[in-house]
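Colleague: I have a few minutes before my next meeting. Could you walk me through this chain, starting with the overall picture and then going into details?

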Amino acid sequence: MPESPRCRLVRKRDGEARMVSRADLQEFFKTYEKVYNDAIAGTVDLDDVADIYSTGFVSVTPAGVIVGENGAELKDVMKKGFEAYRAIGSRKMICADVSVTPIDQDHCVAKVQWSGEYERKNKDRLTIDFEVNYLVERRDGRLKVFGWIAGDEQAEFSKYGLL
C-alpha cells in the first residue's frame, strides 16, 4: 500500500509490531500542527484535515461528549471551526511537546502541549498555552486520532479577551 503524504506509515522492526512511540507521535503532531496552521491561513485541503482522524471519533469537553464519523460532515464542522478561530484572532499553533501513555500495541493517549498565538482586535498579541489529550490509534500502519479530551477553550478565550 503506498504511503499517504499526509500520515506516515509506522513501520514494524524485524517484522515485529511495536508500540506507538513518542517520536512517532511527535512527527504526527508536527503534521497536525502544519495542517492546523494551513487551515488558519485559509489554505488547507480539507482532505488533509480529515486524514488525521479515524473513521469515527469522540470529542470530550466541558460542553459535553460528541461522537461523529469522518466524512463530509466532519469537513464542514472543521471548516466552520477554523473560520471561527480566525475570527477570534488565531494566528499560529505550535506543538510544544508530546508525551505518550500506551494503552496497547496499537492505541495510546498522547498528551499534547500546544502554544497558540493570537491577535486581539486592538492588534495586541498574546500566547495561550494549553494541553489536549488525544486518543490515537495505529490503523493500517498509520496514526489516526479517534478522540480528544480538552478543557474549556471558550472560557480561556473569554478570559483573554478574544471573545
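Modeller: Gladly, and please keep in mind throughout that this is a predicted model.

Colleague: How many helices and strands does the protein chain have, then?

Modeller: The chain has four helices and six strands, and, read from the N terminus, the elements follow the order α-α-β-β-α-β-β-β-β-α.

Colleague: And what share of the residues is buried?

Modeller: Of the 163 residues in the chain, 37% are buried. The chain exposes about 9200 Å², of which carbon and sulfur atoms supply 52%. As for contacts between residues at least 6 apart in sequence, 59% of them join residues at least 24 apart.

Colleague: Let's switch to pockets. How much space lies in the largest one?

Modeller: The largest pocket holds about 1200 Å³ of space. Its lining is made up of 42 residues, and those closest to the centre are Ser59, Thr61, Tyr85, Trp148 and Glu153.

Colleague: Which element gives the largest share of that lining?

Modeller: That is α3, which contributes eight residues. Elements that each supply at least two lining residues are α1 (22–41), β1 (53–61), β2 (64–69), α3 (72–87), β4, β5, β6 and α4 (153–159).

Colleague: How many of the lining residues are nonpolar, polar and charged?

Modeller: The lining of the largest pocket has 29 nonpolar residues, together with seven polar and six charged ones.

Colleague: Now the strands. In which sense do β3 and β4 pair?

Modeller: Strand β3, residues 90–104, pairs with β4 in the antiparallel sense over 12 bridges, and a hairpin of two residues joins β3 to β4. To give one example of the register, Val100 has Ala110 in β4 as its bridge partner.

Colleague: I was looking at Ser99 there. What does it touch, if you leave aside its neighbours within four places in sequence?

Modeller: Ser99, which sits in strand β3, is in contact with Arg22, Val109, Ala110 and Lys111 once those neighbours are set aside. Ser99 also lies 8.4 Å from Gln26, C-alpha to C-alpha, although 73 residues separate the two in sequence.

Colleague: Why is Ser99 called partly exposed?

Modeller: Because its relative accessible area is 33%, which falls between the cut-offs of under 20% for buried and over 50% for exposed.

Colleague: And Ala150, where is that?

Modeller: Ala150 belongs to strand β6. Not counting residues up to four places away in sequence, Ala150 touches Val60, Thr61, Pro62 and Val132, and its C-alpha is 10.0 Å from that of Ala63, a residue 87 places away in sequence.

Colleague: One last topic, the backbone. Which sign does phi have at Lys123?

Modeller: Lys123 has a positive phi of about 80 degrees, even though it is not a glycine. Most residues other than glycine have a negative phi. Lys123 is placed in the loop between β4 (107–119) and β5 (125–139).

Colleague: What about Asp140, what is its phi?

Modeller: Asp140, likewise not a glycine, has a positive phi of about 50 degrees, and it lies in the loop between β5 and β6 (142–150).

Colleague: Are those two buried or exposed?

Modeller: Lys123 counts as exposed because its relative accessibility is 58%, and Asp140 counts as exposed because its relative accessibility is 60%.

Terms used
Residues numbered from 1 in each chain as written. Predicted model: local features only at pLDDT ≥ 70, side-chain atom pairs only at ≥ 80, totals over all residues. Heavy atoms only, no water. Buried < 20%, exposed > 50% of the residue type's maximum accessible area, 1.4 Å probe, protein only. 1 Å grid on protein atoms, 1.4 Å probe; cavity = no way out; pocket = protein on both sides within 12 Å on 5 of 7 lines; lining within 4 Å. Points joined across faces, edges and corners; volume = space filled by probe spheres on them. Nonpolar A, V, L, I, M, F, W, Y, C, P; charged D, E, K, R; others polar. Contact = heavy atoms within 4.5 Å. Areas by Shrake-Rupley, 256 points an atom, 1.4 Å probe, with all protein chains shown as cover. Pairing = 2+ DSSP bridges.
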